[in-house]
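This report covers strand pairing, one helix and one residue of the structure shown below. Terms are given with their cut-offs where they are first used.

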Amino acid sequence: MLKVGLLGTGNISEMFVQATKNVEGIEATAVFNRDQLKANIFADQHRIKKAYNDINVMLNDEEINCIYIGLPNSMHFDYAIKALKAGKTTIIEKPFVSTLVEFDQIKEASEESRAMVFEMTRVMELPNYKTIKDSLELILPVRLVTVNFSQYSRRYNDLLAGKMPNVFSDEFSGGALMDLGVYGVHLMVGLFGKPRGLLYVANHLSNSVDLSGNLIMKYKGFIASLVQSKNSKCDNRITIQGERGTMYITPTASILSKVELDMDERTDISAKQEHESMVYTLEKIVGVVSRNEVTIQQQMLAHSRDVMEVMEKARRSAGISFVADNKKKL
Ligand SMILES: NC(=O)c1ccc[n+]([C@@H]2O[C@H](COP(=O)([O-])OP(=O)(O)OC[C@H]3O[C@@H](n4cnc5c(N)ncnc54)[C@H](OP(=O)(O)O)[C@@H]3O)[C@@H](O)[C@H]2O)c1
């Protein structure tokens, strides 16, 4: 049984707790917030038995064998290193970390302590991801992919009001690519591997962080365009155009609820997805940990590293820099 200590009491931690209720072999056992009162309230609301405001005390709790990190992006690294050093299985929210340098240190810490580490990739374990992957051969060769994942963020209103929400901050490794684009990058890397070349053109804040942007990825025989925005919205959609047909996927990224195949006639080929997307990732993680499937865990991690590499190259090409870029290696 994975007995999870959750770091963070935001929306995403709530979703995590809900997801654990649909998965055998995992339960939310404790929660951490820097403010004890917030931790207590969250624990009461979700019937979690322990609440902490000291991470070291939580990590010393032997009942907890797994840590879930639902904190702002730039905080993933330090907490993951602590959790892995304490020998806990560690599940990190997307995007995994801020930089490749951080990624490699996490991998090292995981190997040293033999505690497995996972990214909450969501999209990769969805039944409809498999549908897309299996149906691709019908439309080959692929000639063009477009992904649009735009969500007008309520935190953009805070930004307009003169505040600096974490999601737009260079200190917290924010921005549209890290927040939304990462889902499309997971999808592209999963379906087609790493691109041969890329260019990210972004609308920047004065701290260099992107409010929106277009990531163009070049593959053999086709290009992909991944558009993300945090200050405008649209009907999110993925279109995969091949010479023999087209796939339409709505809505995009973390959900993939509907997949249509158009080969002269349009057919709904969606798989049944009964649960919220996190459930599928947690089912996979619980299976891998309980059966000690080291090779599968390493494959999942290798995928996350490829995604991180694309993200970092994309950031560099657009001139987006984070405080984490200047951090010294531990
Ligand atoms: N929100 C979503 O829908 C969503 C969806 C998918 C993935 N994610 C991922 O989940 C992670 C968290 O995102 P979020 O938007 O939920 O973040 P958030 O609301 O800004 O914060 C989440 C938690 O982190 C704590 N926190 C924030 N700043 C902190 C600091 N400086 N020191 C200690 N704790 C701090 C918050 O505590 P306080 O309450 O005390 O501020 C809160 O409990 C990100 O990596 C994001 O990419 C989020």
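Which residues does Leu330 touch, not counting residues up to four places away in sequence? Leu330 touches Phe77, Ile81 and Gln105, where contact means heavy atoms within 4.5 Å. The model is predicted: local features need pLDDT of at least 70, side-chain atom pairs count only at pLDDT 80 or more, and totals for chains, interfaces and linings use all residues. Residues are numbered from 1 along each chain as its sequence is written, and side-chain values use heavy atoms, with hydrogens and water left out.

Leu330 belongs to the segment after α10 (294–318). Helices (H or I, at least four residues) and strands (E, at least two) are DSSP runs numbered from the N terminus. The relative accessible area of Leu330 is 68%, so Leu330 is exposed; the classes are buried under 20%, exposed over 50% and partly exposed in between, with a 1.4 Å probe and protein chains only. From Leu330 to Glu63 the separation is 267 residues in sequence and 28 Å in space, C-alpha to C-alpha.

An open sheet is formed by six strands in the order β3-β2-β1-β4-β5-β6, with parallel pairing; two strands pair if DSSP finds at least two bridges between them. At the edges are β3 (50–52) and β6 (117–119), each of which pairs on one side only. From one strand to the next the twist averages 25 degrees. Helix α4 (residues 76–85) packs on this sheet and touches β1 (2–7), β2 (26–32), β4, β5 and β6. The direction of α4 makes about 165 degrees with that of β5; axes are lines fitted to C-alpha atoms, for helices over the stretch in contact, and angles run from 0 to 180 degrees between N-to-C directions.

Strands of a sheet pair through backbone hydrogen bonds, either parallel or antiparallel. Three pairings are listed here.

| Strands | Sense | Bridges | One bridge pair |
|---|---|---|---|
| β4 (residues 66–69) and β5 (residues 89–92) | parallel | four bridges | Ile69 and Ile92 |
| β11 (residues 237–242) and β12 | antiparallel | four bridges | Ile238 and Ile249 |
| β12 and β13 (residues 258–263) | antiparallel | five bridges | Thr246 and Asp262 |

Strand β12 (residues 246–250) is mostly covered, with four of its five residues buried. Three residues lie between β11 and β12, and the two strands form a hairpin.
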